[in-house]
Amino acid sequence: MDFQAIHDRLQSIGAPGLTGSDEPRPANKETKDKGRGGTPFVLVEPAKLSDFVRVCRDDADLQMDLMIDITASDPAVDSEDLWVLVQLLSTTKRHRLMIKAILPKANASLPTCVPVYRAAQWNERECAEMFGITFEGHPDPRNILLPDDWIGHPMRKDYEFPKEYHGVSCE
Amino acid sequence: MTDTTNQSGHKPSISQEEVRTLPSGETEHFFDVSTSDLEVNMGPQHPATHGVMRVLIRCDGELVTGAQPHLGYLHRCAEKIGENVEWLQYLPYTDRYDYLAAMNNNLGYSLAVEALMPALEIPRRATLIRMICAELNRVASHLVAIGTYGLDIGAITPFLYCFREREWIQALFEKICGARLTYSFIRIGGVFNDAPPGWLEECGHFCDVFDEKWQEYHDLLAMNHIFIKRTADVGVMPLKMALDFGITGPMLRGSGYDFDLRKDMPYMAYGEAYEAGAFDIPVGTGQKGTLGDCWDRFYVRVEEMRESIKLVRWCLDNIEDGDIIADVPKVIKVPAGEAYVGIENPRGELGHYVHSDGGKVAVRCRVVGPSFTNLAVLEDMMPGTLLADSVAIIGSTDIVVGETDR
């Protein structure tokens with residue numbers, strides 16, 4: 001299925017939390033739109049993300065049996081939002097779906113996807129330590145790549161690099 | 001005594017009392033002889049962890065009751081660096097996550113950036129040189145995988161033979177790009193250098209020689225009785241577990257599932273090659289034991305090497321003269337947009353999510369490493385096995401720690 005067919009299917013089954021979609025478009029000088037290229041994606045309410053991926057996995061037409069990735073992005077220093085990005089893949093139907101959930105930096109928290117895909121477990125841990133996002137109900141919310149006592153969330157754009165670590169100067 | 005239940009709720013079956021009657025009429029008792037759990041640190045410097053990784057193994061006697069990989073010893077902030085250097089400057093960093101398959105990493109990143117630049121037309125010759133390099137690198141990577149796997153469980157000789165052929169591949173790469181391990185050869189828009197005179201012919205010669213050598217590995221290691229005893233029926237990963245954990249690559253195919261991005265979601269000229277019958281996708285069959293055991297995963301890699309050689313031959317037959325790189329400026333400005341591109345690396349799906357705001361530097365450069373995903377399954381696969389098999393299981397996942405930690 002191509003992206004349009006997937007989106008139509010999601011709309012027709014009333015997938016929880018689906019708020020819209022975004023597709024690549026050419027630049028438009030009249031509306032001062034810079035346009036964008038790349039991959040189309042669907043927009044989902046963060047609180048419903050877990051239910052949404054469950055529907056994607058269980059629906060007979062979508063059959064998204066692999067969760068390839070769950071990650072986040074901090075789009076700009078002055079942005080008030082964080083993006084959570086999920087990549088799903090169907091090995092039987094041979095299509096992909098990119099999902100974006102936009103959540104505020106001030107209250108960066110959303111339910112975990114681990115009950116749906118175990119693949120989310122490590123990726124959510126990485127996402128949590130790097131961006132400071134809380135995944136509610138995560139079974140093992142420890143740091144994965146960073147030391148347990150690390151301060152701050154390095155992948156945020158406003159992160160300040162430490163001046164010293166355990167008495168060792170970093171400058 | 002610590003709790004012997006791991007996260008999946010799995011309990012070792014040996015600790016229950018049981019009585020059974022033998023054919024002779026005697027009764028045999030099995031008693032719960034479990035002692036307090038012992039925690040064994042495998043790593044960070046253990047040679048079988050293939051890098052700097054620690055697996056905390058909890059065991060009850062010889063029986064593993066829990067395994068917890070601890071990562072991060074090789075974390076180099078690749079993604080943060082990606083947000084601070086120019087698009088082309090990031091390319092050498094891609095070499096360093098899966099350093100055994102640097103060509104494939106270059107390719108994954110280049111394809112992701114090219115997905116944001118629709119105006120870019122990749123010349124046919126560049127595509128085929130890319131495929132030759134990617135497939136040769138896959139062979140080299142699998143040679144290390146099977147060689148060190150033999151080494152892990154005590155077969156030292158095949159390792160030396162594997163490195164003999166890998167050396168030749170590295171010499172071929174040295175001739176085309178000057179580097180032996182971290183190539184930075186596949187660039188955004190094409191490749192950096194054309195094949196020197198005689199290089200393509202030498203690749204053909206290598207393919208001919210390799211076919212003979214392949215039989216050697218097959219007989220010497222894959223069909224070795226002791227090797228089969230150590231790996232068959234060990235570390236069985238059922239297909240359901242594999243899909244749940246998002247496993248890709250030879251590990252998924254080892255569980256008997258026919259899915260390969262080169263065939264099922266083709267990129268570059270792989271679709272064309274598959275239609276021409278240039279390669280097949282080997283899958284595990286449970287030939288020597290249970291479907292999805294360590295031997296199956298290992299054997300998928302052995303067979304994949306032969307398929308890669310067939311692909312190289314197809315590319316050599318179809319290559320034509322022409323440009324090797326599209327018209328790309330020295331400082332690349334990538335049009336605004338977001339793209340995700342996943343390719344089939346020797347270890348599974350390597351994905352890049354790139355986000356550009358139209359500038360010279362990426363807003364976000366996410367790397368999805370197959371080793372990271374494939375390693376997570378250890379937590380569920382190890383409990384219930386014997387401590388002596390843990391090395392065989394970790395070896396069969398074929399991880400590269402540079403990629404799990406990035």
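This report describes the interface between chain A and chain B of a predicted model, then a hairpin of chain B, and finally the salt bridges.

**The interface of chains A and B**

In the predicted model, 51 residues of chain A are in contact with 46 residues of chain B. The two chains bury about 3800 Å² between them, and 54% of that area lies on carbon and sulfur atoms. Within the area that chain A buries against chain B, R118(A), W122(A) and L145(A) supply 20%, which is more than any other three residues contribute.

The polar side of this interface can be described in two ways. Across the boundary of chain A and chain B, 20 residue pairs are in polar contact, with both residues of each pair at pLDDT 80 or more, and the count of salt bridges between the two chains is eight. A salt bridge joins the side chains of R96(A) and E349(B), with an N to O distance of 2.9 Å.

As for the elements involved, β2 (37–38), β4 (66–73), β5 (81–90), β6 (95–104) and α3 (120–131) of chain A each supply at least two residues of the side of chain A that touches chain B. The largest share of that side, eight residues, comes from β4(A). Sorted by class, the side of chain A that touches chain B has 24 nonpolar, twelve polar and 15 charged residues.

Strand pairing also crosses from one chain to the other: β2(A) is joined by two bridges to strand β8 (residues 337–345) of chain B, and these strands run parallel. Here G38(A) has E338(B), in β8(B), as its bridge partner.

**A hairpin in chain B**

Strand β1 (residues 18–21) and strand β2 (residues 27–30), both of chain B, pair in the antiparallel sense over four bridges. E18(B) has F30(B), in β2(B), as its bridge partner. Five residues lie between the strands of this hairpin of β1(B) and β2(B), in which G25(B) takes a positive phi near 100°.

**Salt bridges**

Side chains of opposite charge can pair when their charged atoms come close. Over all chains, the count of salt bridges comes to 44. The table lists three pairs within chain B.

| Pair | Closest N to O distance |
|---|---|
| R406(B) and E79(B) | 3.5 Å |
| R164(B) and E165(B) | 3.2 Å |
| R313(B) and D211(B) | 3.1 Å |

The salt bridge of R406(B) and E79(B) has an N to O distance of 3.5 Å. This pair links distant parts of the chain, 327 residues apart, with R406(B) in the segment after α16 (401–405) of chain B and E79(B) in helix α1 (residues 78–82) of chain B. Both R406(B) and E79(B) are buried.

In the pair of R164(B) and E165(B), R164(B) is partly exposed because its relative accessible area, 34%, falls between the limits of 20% and 50%. E165(B), by contrast, has a relative accessibility of 3%, so this residue counts as buried.

The salt bridge of R313(B) and D211(B) has its closest N and O atoms 3.1 Å apart. Because R313(B) lies in helix α12 (residues 294–318) of chain B and D211(B) in helix α6 (residues 199–222) of chain B, the pair ties together parts that are 102 residues apart in sequence. R313(B) is partly exposed, with a relative accessible area of 27%, and D211(B) is likewise partly exposed, with a value of 29%.

Chain B also contains a network of salt bridges, which links E135(B), R138(B), R253(B), D260(B), R262(B), E304(B) and E344(B).

Terms used: Residues are numbered from 1 along each chain as its sequence is written. Chains are lettered from A and ligands numbered from 1 in the order in which they are written. This is a predicted model: local features need pLDDT of at least 70, side-chain atom pairs count only at pLDDT 80 or more; totals for chains, interfaces and linings use all residues. Side-chain values use heavy atoms; hydrogens and water are left out. Two strands pair if DSSP finds at least two bridges between them. Contact means heavy atoms within 4.5 Å. Buried area is the accessible area (1.4 Å probe) that two parts lose on being put together, summed over both. A salt bridge is a side-chain nitrogen of Lys or Arg within 4 Å of a carboxyl oxygen of Asp or Glu. A polar contact is a pair of N or O atoms within 3.5 Å; within protein, one must be able to donate a hydrogen and the other to accept it, and residues adjacent in sequence count only if both atoms are side-chain atoms. Ala, Val, Leu, Ile, Met, Phe, Trp, Tyr, Cys and Pro count as nonpolar, Asp, Glu, Lys and Arg as charged, and the others, Gly among them, as polar. Buried means under 20% relative accessible area, exposed over 50%, partly exposed in between (1.4 Å probe, protein chains only).
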